[in-house]
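Take a walk through this chain, from its central strands out to its surface. Keep the sequence and the 3D view side by side.

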Amino acid sequence: MSPSIRVRGRAELKASRRRRRHSCWGHLVAAPLWPLHGANLGTLLRTCDAVGACLAVPRHPWVPEALRRGNTLRQPACVHWVGDPLGWLGRERKAGSAVVGVELAEGAMRLAELPAARGRTVAVLGHEQSGIPDEAVALLDVAVEIPMVGTGSSLNVAVAGSLVLYKLAGLL
C-alpha cells in the first residue's frame with residue numbers, strides 16, 4: 001500500500017456519519033413506482049440513506065417484505081408509500097417538484113450532463129423490462145439516459161437509481 005494512502009478504520013468512519021436516521025428532508029426522492037424485482041428495492045433504499053434521499057414505493061403487498069429482505073441498514077429509512085403512482089407523480093409535479101425519469105427516450109439527457117438537484121426532485125425509475133409507462137413519461141420534466149456499451153438493454157433499478165441519485169445529490 002502506498003504510504004500516501006491511509007485506510008480509515010471502522011471507528012473513524014462511524015464517527016463521521018449520522019448516528020440516527022435522517023427524517024424526510026424533502027429534497028431527493030427515488031421513485032421505483034413499477035418495480036419488478038423486490039431485492040433491488042432494499043439495495044436502492046441503502047443508496048437513499050447514503051445520499052440523504054427518500055424512497056417512494058407502491059403499496060403492493062410484497063414490497064414491505066422486499067424492503068426488509070434487501071435492506072441492511074440498522075436504522076429505519078425514509079419511505080413514502082404511494083397508492084396511485086400516476087396521481088402521486090402529477091401531484092408532485094404540480095407542487096413544484098422536478099420530475100426526472102431514468103429512461104431510454106428520444107432527446108434524453110446523458111447522465112454525465114445531469115446537474116445536481118437544486119430543489120425537490122423525484123427520480124422516477126420504471127419497470128426493468130418495459131420502462132416507465134407512457135402515461136408517466138408525459139409527467140416527466142426530463143429523461144436521463146445511462147450510456148451503456150455492452151449488450152444489455154438496461155441496468156437493474158438499484159444500479160440505475162444509485163447512479164442517478166449520486167449525480168442528483170452532487171456527490172459525483
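**Strands, cores and a helix with two sides**

β4 (98–102) and β6 (121–125) pair in the parallel sense over five bridges. Two strands count as paired if DSSP finds at least two bridges between them. Within this pairing, Val102 has Leu125 of β6 as its bridge partner. β6 also pairs with β1 (28–32), again in the parallel sense and over five bridges. There, Leu28 is matched with Thr121 of β6.

The model is predicted: local features need pLDDT of at least 70, side-chain atom pairs count only at pLDDT 80 or more, and totals for chains, interfaces and linings use all residues. Residues are numbered from 1 along each chain as its sequence is written, and side-chain values use heavy atoms, with hydrogens and water left out.

Now look at the whole chain. It holds six helices and seven strands. Helices (H or I, at least four residues) and strands (E, at least two) are DSSP runs, numbered from the N terminus. Their order along the sequence is α-β-α-β-α-β-α-β-β-β-α-β-α. Of the 172 residues, 41% are buried. Buried means under 20% relative accessible area, exposed means over 50%, and partly exposed lies in between (1.4 Å probe, protein chains only). Contacts (heavy atoms within 4.5 Å) reach far along the sequence. Among those between residues at least 6 apart, 77% join residues at least 24 apart.

How is β6 covered on its two faces? Thr121, Ala123 and Leu125 are buried on one side, and Val122 and Val124 are buried on the other. That makes five of its five residues buried. In a regular strand the side chains alternate between the two faces of the sheet.

β6 also contributes to the largest nonpolar core, supplying at least two of its residues. A nonpolar core is a set of buried Ala, Val, Leu, Ile, Met, Phe, Trp, Tyr and Cys residues joined through side-chain atoms within 4.5 Å. This one has 27 residues, and Leu55, Leu67, Leu114, Val164, Leu165 and Leu168 have the most contacts inside it. Other elements that each supply at least two residues include α2 (38–51), β2 (54–58), α3 (63–70) and α6 (157–168). A second, separate core has 17 residues, among them Ala31, Leu33, Cys78 and Val122.

Val164 shows how distant parts of the sequence meet. Beyond its neighbours within four places in sequence, Val164 is in contact with Val102, Leu111, Leu114, Ala123 and Ile146.

Turn to α3. Its buried residues are Val63, Ala66, Leu67 and Gly70. They lie on the same side of α3 because they cover an arc of only 100° around the axis, taken from the directions from the helix axis to the C-beta atoms. These residues pack against α2, β2 and β3 (79–82). The face turned away from this buried side carries the exposed residues Arg68 and Arg69.

What about disulfides? The count is zero, with a disulfide taken as a pair of cysteine sulfur atoms within 2.5 Å. The cysteine sulfur closest to that of Cys48 belongs to Cys54, and at 7.4 Å it is too far for a bond. Cys48 is buried, with a relative accessible area of 1%. Cys54 is also buried, at 1% relative accessibility.

Finish at the surface. Arg118 sits in the loop between β5 (109–110) and β6. At 83% relative accessibility, Arg118 counts as exposed. Gly170 is 52 residues away along the chain, yet the C-alpha atoms of Arg118 and Gly170 are separated by 9.6 Å.
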